[in-house]
Amino acid sequence: MEEWPFHDGNVHNLVESRHTDIRLNRHDVDHSLQMHSSLVRRLSLERELEGHQGCVNAVTWNSNGSLLISGSDDARINIWSYHGRKLLHSIETGHSANIFCTKFIPETSDELVVSGAGDAEVRLFNLSRLNGRGLNDGAITPSALYQCHTRRVKKLAVEVGNPNVVWSASEDGTLRQHDFREGTSCPPAGSSQQECRNVLLDLRYGAKRSLADPPKHTLALKSCDISSTRPHLLLVGGNDAFARLYDRRMLPPLTSCRKRMSPPACVNYFCPMHLSDRGRSSLHLTHVTFSPDGEEVLLSYSGEHVYLMDINHASGSSMQYSLGDASKLMTFTPVVNRLELQTSVSSAFQNGLWRRSNIAARIEKCSMLLEMAKRSLQEGTNIFHAIEACNEVIDGHGTDIGPKVRHECFCTRAALLLKRKWKNDAHIAIRDCHNARTIDSSSFRAHYFMAEALEQLGKFKEALDFAVAAQCLSPSDTMAAEKVDNIKKHLAADEAEKNNKSSDGAPKSEPRTGRILSLSDILYRSEANSDASQDGLRSEREDSDYDEELELDFETSISGDEGRDVEPNILHGSLNLRFHRRGESTRETGANGSCGSPSSSLQNDRAAYQSEAVIDMKRRYVGHCNVGTDIKQASFLGQRGEYVASGSDDGRWFIWEKRTGRLIKMLLGDDAVVNCVQCHPFDCFVATSGIDSTIKLWTPTAAFPSMVAGGSAGPETSVLEAMENNQRKLCRNREAILPFELLERFRMHEFSEGSLHPFECAQS
């Protein structure tokens with residue numbers, strides 16, 4: 001399929017313009033050149049940095065890009081030279097579990113570094129103490145040691161220009177603020193002030209199963225970020241579908257964790273609308289981050305895709321939704337407002353003058369791309385590229401095209417998505433059909449494809465309404481008549497199944513006290529990730545309160561996401577399963593504080609709970625797979641953040657054009673999983689890491705631009721095949737992701753309900 005140019009233009013012309021066009025800001029041009037598409041498409045593996053003995057879970061640049069810091073399962077921090085591409089220091093931190101996060105402390109001449117790990121500790125180190133030591137510096141006494149978290153520390157955040165404070169996000173549901181000026185350790189046990197009063201966010205009653213449900217479970221924090229442009233803004237994500245934006249100026253004073261409090265009000269919730277009412281305990285965020293300009297946020301979900309959202313929005317805009325909007329989107333209501341068809345031909349035509357001189361060329365390009373997409377739909381070939389062509393028209397030139405072209409593109413893209421059937425494609429098709437109906441309320445294609453999308457999701461009643469409407473709009477169309485008949489058959493089959501179940505009688509429920517649960521009962525209650533199982537009729541399991549009582553937490557060292565095994569030869573083959581009650585108000589006593597039961601005011605708040613408005617997605621990035629680890633990053637590339645990158649469970653990492661979601665590059669970066677992708681602050685240079693014990697360095701040194709490039713395991717051949725394999729992984733049940741032979745070992749084990757002690761099994 002024919003390719004089309006990227007939005008950043010010709011790199012030769014851009015370089016020339018720095019010297020010839022005085023109207024251009026040279027710094028803006030330099031920022032555009034850093035990650036220009038011609039350079040990104042030439043990225044290839046330059047070097048592998050060796051120095052760790054385990055999975056590398058964190059890589060971060062210092063502010064000027066001269067140093068790279070990394071943290072690993074080997075509990076060591078390594079400091080690397082960017083210019084020399086060599087190891088400068090290797091520090092034995094004293095952590096007793098995997099290091100998940102490391103940072104340079106700003107404005108300290110890169111002498112202070114901090115780490116967070118699976119042992120629930122945060123440690124600060126002064127690199128000036130290493131002067132005169134050798135390469136393997138060995139153990140170093142931390143300058144500060146904070147042990148107030150009770151579960152793993154998954155992410156650290158620092159504020160630009162602030163050398164005194166670091167923030168830590170933990171799976172214990174708290175985000176803590178550590179001020180080095182107030183103390184370098186937690187109060188000793190037995191002291192009069194035994195508790196650390198450093199809890200900035202207490203989200204132990206902050207997790208929401210869906211938009212309609214009040215927060216009532218512990219939000220195990222997986223990620224956090226502080227805006228570099230507005231440092232009072234704090235973004236967090238954890239084990240539910242909602243990222244939260246807080247204004248630190250509006251938060252209550254720091255407190256201890258003795259008493260669980262209701263979560264503080266946030267500025268915004270972020271969640272794609274189609275994920276907001278799933279009610280799935282397995283859906284959670286693995287990474288959240290601000291864009292370089294602080295105007296957007298990027299969310300990466302486990303078992304899902306990467307999503308882009310706007311921070312600033314107008315109240316009541318299409319980017320904001322509330323409870324019930326998702327169901328309204330799927331419910332047939334006659335649309336009488338067709339104002340968009342009455343508008344001018346293009347918003348690019350203002351005051352009788354073309355806004356840009358080449359507007360005609362861009363409109364011609366859009367027409368060509370739309371015809372290419374229609375041809376692919378008709379022939380059933382190149383579906384992926386045809387969808388990207390529609391993305392280019394809608395997202396790349398949305399202000400240039402008129403309503404007729406926009407309507408055609410929405411309908412065509414919906415049909416292509418329904419034919420491709422990747423995860424959540426049906427939901428995106430519903431959005432497109434809704435937008436098409438808004439433009440033309442009598443559109444046969446919009447109604448027909450809406451019926452097909454709802455049918456794929458198992459929403460047959462809603463699908464029938466749209467199918468009947470399509471048949472009324474075009475009575476002679478045989479496809480519409482067939483669609484109505486098929487949906488009626490589905491409804492009849494569902495009704496017959498319900499009648500059979502009711503006639504057989506409901507099975508008697510077993511008493512809970514003393515009941516024996518097989519591990520296989522728990523494992524195979526894992527929720528399927530297919531669209532049909534998520535959005536069709538709810539199963540008995542989903543209607544039960546099972547997930548309210550037990551939470552199954554998979555943690556595998558093969559994913560770089562679990563504490564170290566004693567023996568190094570089983571580091572990459574262990575499986576740890578932990579059981580604990582959800583929503584239980586038992587006390588969790590830590591080394592430096594205790595956590596009590598919720599206050600009565602929290603219980604009263606739940607009775608009168610009103611769901612919040614949420615910011616919806618504006619772009620989706622697909623092709624990778626994120627199911628095996630909960631530290632997988634998605635990041636912006638370059639100072640302008642014009643590209644988005646993410647690691648993947650297939651050992652590759654992916655780069656998309658932010659504006660359109662178009663895949664621009666796929667690289668093989670690990671033998672198993674790529675977790676971390678970090679772009680250099682100023683150069684076209686990317687560092688990645690994952691399950692391998694090495695850090696990969698990528699530079700634009702390939703002779704020719706291409707979508708794929710060789711990595712440590714050799715060249716790639718089929719981009720589409722790799723992405724389709726990843727989609728199949730995303731749509732499997734959770735237990736299918738784990739090695740079958742590991743699950744077989746537990747199939748016959750029985751556990752009495754209430755015996756929630758952790759156990760481990762190491763693969764031999």
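Trainee: Before we look at any single part, how many of the contacts between residues at least 6 apart in sequence join residues at least 24 apart?

Mentor: Among contacts in the chain between residues at least 6 apart in sequence, 65% join residues at least 24 apart. Please keep in mind as we go on that this is a predicted model.

Trainee: OK, and how many helices and strands does the chain have?

Mentor: There are 19 helices and 41 strands in the chain, and of its 764 residues, 56% count as buried.

Trainee: Let's take a helix, then. What span should α5 have, and how far apart are its ends?

Mentor: Helix α5 covers residues 359–379, and at 1.5 Å a residue its 21 residues should span 30 Å, which agrees with the 30 Å that separates its end C-alpha atoms.

Trainee: Which residues of α5 are buried?

Mentor: The buried residues in α5 are Ile359, Arg362, Lys365, Cys366, Leu369, Leu370, Met372, Ala373, Ser376 and Leu377. If you look down the axis of α5, these buried residues fall within an arc of 160 degrees, so they line one face of the helix.

Trainee: And what does the face turned away from the buried side carry?

Mentor: That face of α5 carries the exposed residues Ala360, Glu364, Gln378 and Glu379. Just after the helix comes Gly380, which takes a positive phi of about 75 degrees.

Trainee: At what angle do α5 and α7 pack?

Mentor: Helix α5 packs with α7, which is made of residues 403–420, at an angle of about 35 degrees, and the two axes are 10 Å apart. The crossing in which α5 passes α7 is left-handed.

Trainee: Which residues make that contact?

Mentor: On the α5 side the contact is made by Leu370, Ala373, Lys374 and Leu377, while α7 contributes Val405, Glu408, Cys409, Thr412, Ala415, Leu416 and Lys419. Sorted by class, the contact of α5 with α7 has 7 nonpolar, 1 polar and 3 charged residues. You have already met Leu370, Ala373 and Leu377 among the buried residues of α5.

Trainee: What about Asn424, where is its place?

Mentor: Asn424 sits in the loop between α7 and α8, the latter being residues 425–439. Although Asn424 is not a glycine, it has a positive phi of about 70 degrees, and it is buried, with a relative accessible area of 0%.

Trainee: Is there another residue I should look at, and where is Arg85 found?

Mentor: Arg85 is found in the loop between β4 (76–81) and β5 (86–92), and it has a positive phi of about 50 degrees although it is not a glycine. 

Trainee: Its relative accessible area is 18%, so why is Arg85 put in the buried class?

Mentor: Arg85 counts as buried because its relative accessible area of 18% falls under the 20% cut-off for that class.

Trainee: Back to helices. Which residues of α11 are buried, and what do they pack against?

Mentor: In α11 the buried residues are Ala480, Lys483, Val484, Ile487 and Asp494, and they pack against α9 (444–456) and α10 (460–473). Helix α11 runs over residues 478–504, and its 27 residues should span 39 Å at 1.5 Å a residue, which agrees with the 39 Å between its end C-alpha atoms.

Trainee: And which residues are buried in α10?

Mentor: Phe460, Ala463, Leu464, Phe466, Ala467, Ala469 and Ala470 are buried in α10, and what covers them includes α8, α9 and α11. The 14 residues of α10 reach 20 Å from the first C-alpha to the last, close to the 20 Å expected at 1.5 Å a residue.

Trainee: Switching to strands, where is Leu245 found, and what does it touch?

Mentor: Leu245 is found in strand β17, residues 243–247, and it is buried, with a relative accessible area of 1%. Not counting residues up to four places away in sequence, Leu245 touches Leu233, Leu234, Leu235, Cys266, Val267, Asn268, Phe270, Phe290 and Ile311. One of these, Cys266, is 21 residues from Leu245 in sequence and 5.7 Å from it in space, C-alpha to C-alpha.

Trainee: Last one: is Thr229 buried or exposed, or in between?

Mentor: Thr229 is partly exposed, with a relative accessible area of 42%, and it lies in the loop between β15 (221–226) and β16 (233–238). Leaving aside neighbours within four places in sequence, Thr229 is in contact with Pro292, Asp293 and Gly294.

How values were computed
Residues numbered from 1 in each chain as written. Predicted model: local features only at pLDDT ≥ 70, side-chain atom pairs only at ≥ 80, totals over all residues. Heavy atoms only, no water. Helix = DSSP H or I, 4+ residues; strand = E, 2+ residues; numbered from the N terminus. Expected span 1.5 Å × (residues − 1). Buried < 20%, exposed > 50% of the residue type's maximum accessible area, 1.4 Å probe, protein only. Arc of directions from axis to C-beta. Contact = heavy atoms within 4.5 Å. Axes fitted to C-alpha atoms, helices over the stretch in contact; angles between N-to-C directions. Left-handed = near helix turned anticlockwise from the far one by under 90°. Nonpolar A, V, L, I, M, F, W, Y, C, P; charged D, E, K, R; others polar.
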